[in-house]
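Got the viewer open and a hand on the mouse? Let's take a walk through this one, stop by stop.

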Amino acid sequence: MSSETKQILTTDGIPLEVSLKKAEKKNKIKAFLLVAPLLLFLFITYVFPIGEMFTRSVDDRMVTNMLPKTFKAMEKWDGKELPPEEVFVGFYSDFKVLVENQTQGKLGQRLNKEKNGFNSITKKLMRQIKRNKIDESQSIKEQIMKVHKRWRDVEYWQAIKRTAPPYTMAKYLKGMDMYFAADGSIAQVDEDRRIHRILWLRTLEIALFVTIFCFLMGYPIAHLLATLPMKYSNLLMICVLLPFWTSLLVRTASWMILLQQQGIVNDFFVLIGLVADNNRPEMMYNKVGTYVAMTQILLPFMVLPLYSVMKTISPSLMRAGKSLGGTPFVAFWKVYFPLTIPGIGAGCLLVFILAIGYYITPALVGGASGTLISNQIAYHMKSTLDWSFASAMGLMLLSGVLVIYWIYNKLVGVDNIKLG
Amino acid sequence: MSKNPEFVKFDKVDKSYDGKVLVVKDLQLDIAEGEFITMLGPSGSGKTTCLMMLAGFETPTNGEILLDGKIISNIPPHKRGIGMVFQNYALFPHMTVYENLAFPLRVRKMEKDEIDKKVDKALSMVSLNGFETRMPGQLSGGQQQRVAVARALVFDPAVVLMDEPLGALDKNLRESMQYEIKHIHESIGVTVVYVTHDQSEALTMSNRIAVFNDGKVQQLSNPAELYEKPVNSFVAEFIGENNTFNGEVADISGDECKVKLSNAEIIASAISVKSKGEKTTVSLRPERALIEPSEKMDNMFSGKIEEVIYHGDHTRVRINLLGNPEFILKVPNSTSNLELKVKQDIKIGWNSSDARALDPK
């Protein structure tokens, strides 16, 4: 840049930077080749599916592709009164192609989701076209309007116009119990039909409490692990890791055996006289079951980061705290606890994020009141086959996790995380 | 102010961790007020255990520890008011230097002004003013060490324990810190119990040294006496360099005795030998034996030089003497340098008062 900065040369007269780059080049290529498989793997299994999910969740090109002429004609229509003749002509010619290809059923289904009643009137129109009842030399508008009275209703045409953009946020709104009203504004669904919002809140609540329970139970265990002599700590470590060696399904099933009304835990309560035999509490197929099973299953994810952090805290720090006059509690609270915060952060974040997307356990022991948003996603994947809605909710979950991560970063700082 | 000679008292203290082996055996030790006492010994000799018992982190298996006449065995560490400097400083890594020093004062619920004053005083004692806002991780090893010392002293404890505090420092820094700690001790007059396995550290710093081995105090005396007059062969071996001859007492009369070696007889002071026929190890400091002595000495023998090693300020000469091929001599580097050659025969002499007949090794 400035004339003051003198270029440093090697003994052979080559600029030092050039020489260094040349020398390092081979290493850099080697390093890149080493990580290349992982990068490729990440791209194929992570970046690509998420991108695919995103397009699927907003993709609304089906109708756009099916009714090109209609939407072209609709561009001039203000959408307030019944559309002019050109729109009907366009729709008629689009629809005729669909009828010839026998794909008009899909259009009917899709439009029916936008507004109830489309299915039957498209079928009726199809029959008219098949029977050649439409005379193309006369006004198409009049003839279509005669097919069914709904074709005379401006709301149905407005619904068609709403499907014109190739992309839509409707699925995301649906995930939050909202929808585009007839005039295009965002409206809330009726109160008794707001199931998703309840599920989101329940998911957050259960994830939060599971994290708290895991922390309360995991902290002493991790402390014990870090301070016990090797002989005992190894044994305890195996006990902590044992759940990892057992199938998740088996563990969940064993909780079902333990928690059901005629199960072992209830038998024990009856035996010690805590509850009456004819009044056994329900401990599964509700939130209790979800809490208990998820806490047990996620506990190692809390214990391990905590352990790895506690292991590095010198016992002399606690001793120093005490010898300086702090009571054992003060020494713990002022010295030990602050040093474990990186582990707490890592453990809580890990457990919370895992819990928020948990699926199998709540599906098996959760019942109606203990299922989470991921169960709803799975339901739409498998039962209703509304993959775009499932994708939208999956992405909402992902962005929720990212938001939590961001908040955590603001509060504690990601550099403070220590996973091992 | 009259000093209490039994300010800290270990009274018949035993300590065992597993119920099988005694780590500390029948420890009887009095520490005077304001004294700098060092517990010196090889690792595993029980010295750190003694310190931990005094600090309250270990309980004696038997016996009592008294501080200023009061039994402290049942007082938890935080109520003993004993300052401690740990091996790896144990500074709180998440607190600044100021907060580290203020910790013992805050838990004592002192006023903010007073805390500031005391922290300032303690920091100036270790010449670290201006470092208040630094984190321990931003300090060098020597600075961390000084913060640890300041923290142990800031709440004016009656006793300060130091557990190998200089172990992690390099040689030069360690030496300057030794003087610094010694000067701090002299200026504030606090009682210091210092643990180390480094004998030179012990010799430079302490008023008295307790040499530990095998759970017992082998000798408790001031540095000079410890070096000049070791009472048994362990102490002689452990402190400084040492030449030994193993033999049998041939004759004993008063302070002196004749010790019969395999091929000669030497005269030594009888320290721990009582009667004829006893086995003994005679100890002699390398600097007390002279080459070709001009004056008359009661032990005069000739040996063969095996090795000459130049050390700058002195030359070490290894000699095969009286069947001991490891006999070491230190020849100071002076102008009248002797011609020393390997395989040369040479006359060695020493006084019987410097050769101490101790227990057999």
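Start by selecting Val351(A) and whatever surrounds it. Leaving out residues up to four places away in sequence, Val351(A) touches Val210(A), Thr211(A), Cys214(A), Leu298(A), Phe301(A) and Met302(A). Keep in mind as you look around that this is a predicted model. Now pick out Cys214(A): its C-alpha atom is 7.9 Å from that of Val351(A), although the two residues are 137 apart along the chain. Is Val351(A) buried or exposed? Val351(A) counts as buried, because it has 27 C-beta neighbours inside 10 Å, and the cut-off for buried is 20 or more.

Widen the selection to helix 16 of chain A, which is where Val351(A) sits. Helix 16 (328–356) also leads to the next stop, since helix 15 (315–323) and helix 16 of chain A are the elements that give two or more residues to the side of chain A that touches chain B.

**Where the chains meet**

Show both chains together. Here 15 residues of chain A are in contact with 19 residues of chain B. Which element of chain A gives the largest share of its side? Colour helix 15 of chain A, which supplies six residues. By class, the chain A side holds seven nonpolar, six polar and two charged residues.

**Chain A in two parts**

Try colouring chain A by domain. The assignment gives domain 1 (61–166) and domain 2 (195–416), and their centres, taken over C-alpha atoms, are 53 Å apart.

Inside that first range, select helix 6 of chain A, residues 118–130. With 13 residues at 1.5 Å a residue, helix 6 of chain A should span 18 Å, and its end C-alpha atoms are indeed 18 Å apart. Show the side chains of Phe118(A), Ile121(A), Thr122(A), Leu125(A) and Met126(A), the buried residues of this helix. They lie on the same side of helix 6 of chain A, because they cover an arc of only 145° around the axis. What do they pack against? Add helix 4 (85–101), helix 5 (104–114), helix 7 (140–147) and helix 8 (154–162) of chain A to see their partners. Then turn to the face pointing away from the buried side, where Arg127(A) and Lys130(A) are exposed. Following the helix you'll meet Asn132(A), with a positive phi near 55°.

**Over to chain B**

Colour chain B by domain too: domain 1 covers 8–233 and domain 2 covers 241–358. Their C-alpha centres lie 39 Å apart. Where the two domains touch, four residues of domain 1 of chain B are in contact with six of domain 2 of chain B. On the domain 1 side, two of the residues are nonpolar, two are polar and none is charged.

Next, look for the largest nonpolar core. It has 97 residues, and Leu54(B), Leu161(B), Val193(B) and Ala357(B) touch the most other members. Helix 4 (residues 141–153) of chain B gives the most to this core, with six residues. Zoom in on Val193(B): setting aside neighbours within four places in sequence, Val193(B) is in contact with Ile31(B), Ile37(B), Met39(B), Leu51(B), Leu54(B), Val159(B) and Leu161(B).

A little further along, select helix 5 of chain B, residues 171–188. Four of its residues to show are Met177(B), Gln178(B), Ile181(B) and His185(B), which are buried. They cover an arc of only 115° around the axis, so they sit on the same side of helix 5 of chain B. Among the elements covering them are strand 3 (36–40), helix 4, strand 8 (191–196) and helix 6 (199–205) of chain B. On the face turned away are the exposed residues Asn172(B), Ser176(B), Tyr179(B), His183(B), Glu186(B) and Ser187(B). After the helix comes Gly189(B), with a positive phi near 70°.

**Two last stops**

Most residues other than glycine have a negative phi. Select Lys12(B) for a positive one, about 50°. Lys12(B) is in strand 1 (residues 8–16) of chain B, and is exposed, with 12 other C-beta atoms within 10 Å. Finish at Asp156(B), another non-glycine residue with a positive phi of about 50°. Look for Asp156(B) in the loop between helix 4 and strand 7 (159–163) of chain B, where it is partly exposed, with 13 other C-beta atoms within 10 Å.

Conventions: Residues numbered from 1 in each chain as written. Chains lettered and ligands numbered in written order. Predicted model: local features only at pLDDT ≥ 70, side-chain atom pairs only at ≥ 80, totals over all residues. Domains from an automatic or database assignment. Contact = placed C-beta atoms within 7 Å. Nonpolar A, V, L, I, M, F, W, Y, C, P; charged D, E, K, R; others polar. Core = buried A, V, L, I, M, F, W, Y, C linked by C-beta atoms within 7 Å. Expected span 1.5 Å × (residues − 1). Arc of directions from axis to C-beta.
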